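Trainee: I am new to this structure and would like a close look at a single part of it. Could you pick a spot and walk me through what surrounds it?

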Amino acid sequence: MTESSSEVLWNVLIEAYRRLGFDQLADEAFRALVLARIVEPTSKSAAVGVLDELGVAAPHRNTFTAALRRCVDKDYRAALAAACAAASRRSGPRAPAKS
């Protein structure tokens with residue numbers, strides 16, 4: 001059986017999220033909202049439709065609102081910044097950009 005292009009896209013996005021270390025948040029609703037907004041930058045309400053179009057079970061819009069409250073309350077920004085820094089260190093030095 002072959003995967004649909006939506007399944008492939010969703011799996012790639014989940015893997016990138018994991019490799020960056022963002023899964024340490026353990027917040028599935030936040031992850032769904034972030035990934036839906038990568039596919040199509042949109043509102044919380046419209047993100048539900050994006051997920052539906054991808055064939056992914058979508059949380060209710062109110063669940064997204066609660067996830068964004070947790071994002072502030074638990075300082076996800078700091079956790080995600082630390083995860084990005086760690087991912088950057090793991091990937092090692094890169095060649096300088098050519099002018």
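Mentor: Happy to; let us look at helix H2 and the residue just before it, after a short overview. Keep in mind that this is a predicted model. The protein has five helices and zero strands, so from the N terminus on its elements run α-α-α-α-α. Of its 99 residues, 29% count as buried. Among contacts between residues at least 6 apart in sequence, 53% join residues at least 24 apart.

Now to H2 itself. This helix covers residues 28-39, twelve in total. From its first C-alpha to its last it reaches 17 Å, close to the 16 Å expected at 1.5 Å a residue. Its buried residues are Ala29, Phe30, Arg31, Ala32, Leu33, Leu35 and Ala36. What covers them includes helix H1 (5-19), helix H3 (44-54), helix H4 (61-73) and helix H5 (76-91).

Next, look at the start of the helix. There, a side-chain oxygen of Asp27 reaches to within 3.3 Å of the backbone nitrogen of Ala29. Asp27 lies in the loop between H1 and H2. Is this residue buried or exposed? Asp27 counts as buried because its relative accessibility is 7%, and the cut-off for buried is under 20%. Leaving aside residues up to four places away in sequence, Asp27 touches Ala67, Arg70 and Tyr76.

One of those neighbours deserves a second look. The side chains of Arg70 and Asp27 meet in a salt bridge, 2.8 Å from N to O. Arg70 lies in helix H4 and Asp27 in the loop between H1 and H2, so this pair ties together parts that are 43 residues apart in sequence. Unlike its buried partner, Arg70 is partly exposed, with a relative accessible area of 28%.

A search of the whole structure finds four salt bridges, and two others make a useful comparison. In helix H1, Arg18 forms a salt bridge with Glu15, the closest N and O atoms being 2.4 Å apart. The side chains of Arg19 and Glu15 also meet in a salt bridge, at 3.0 Å from N to O. Arg18 and Glu15 are three residues apart in H1, while Arg19 and Glu15 are four residues apart, a separation of about one helical turn. An α-helix has 3.6 residues a turn, so residues three or four places apart point the same way. Of these residues, Arg19 is exposed at 58% relative accessible area, whereas Glu15 counts as partly exposed at 30%.

Technical notes
Residues are numbered from 1 along each chain as its sequence is written. This is a predicted model: local features need pLDDT of at least 70, side-chain atom pairs count only at pLDDT 80 or more; totals for chains, interfaces and linings use all residues. Side-chain values use heavy atoms; hydrogens and water are left out. Helices (H or I, at least four residues) and strands (E, at least two) are DSSP runs, numbered from the N terminus. The expected span of a helix is 1.5 Å times one less than its number of residues. Buried means under 20% relative accessible area, exposed over 50%, partly exposed in between (1.4 Å probe, protein chains only). Contact means heavy atoms within 4.5 Å. A polar contact is a pair of N or O atoms within 3.5 Å; within protein, one must be able to donate a hydrogen and the other to accept it, and residues adjacent in sequence count only if both atoms are side-chain atoms.
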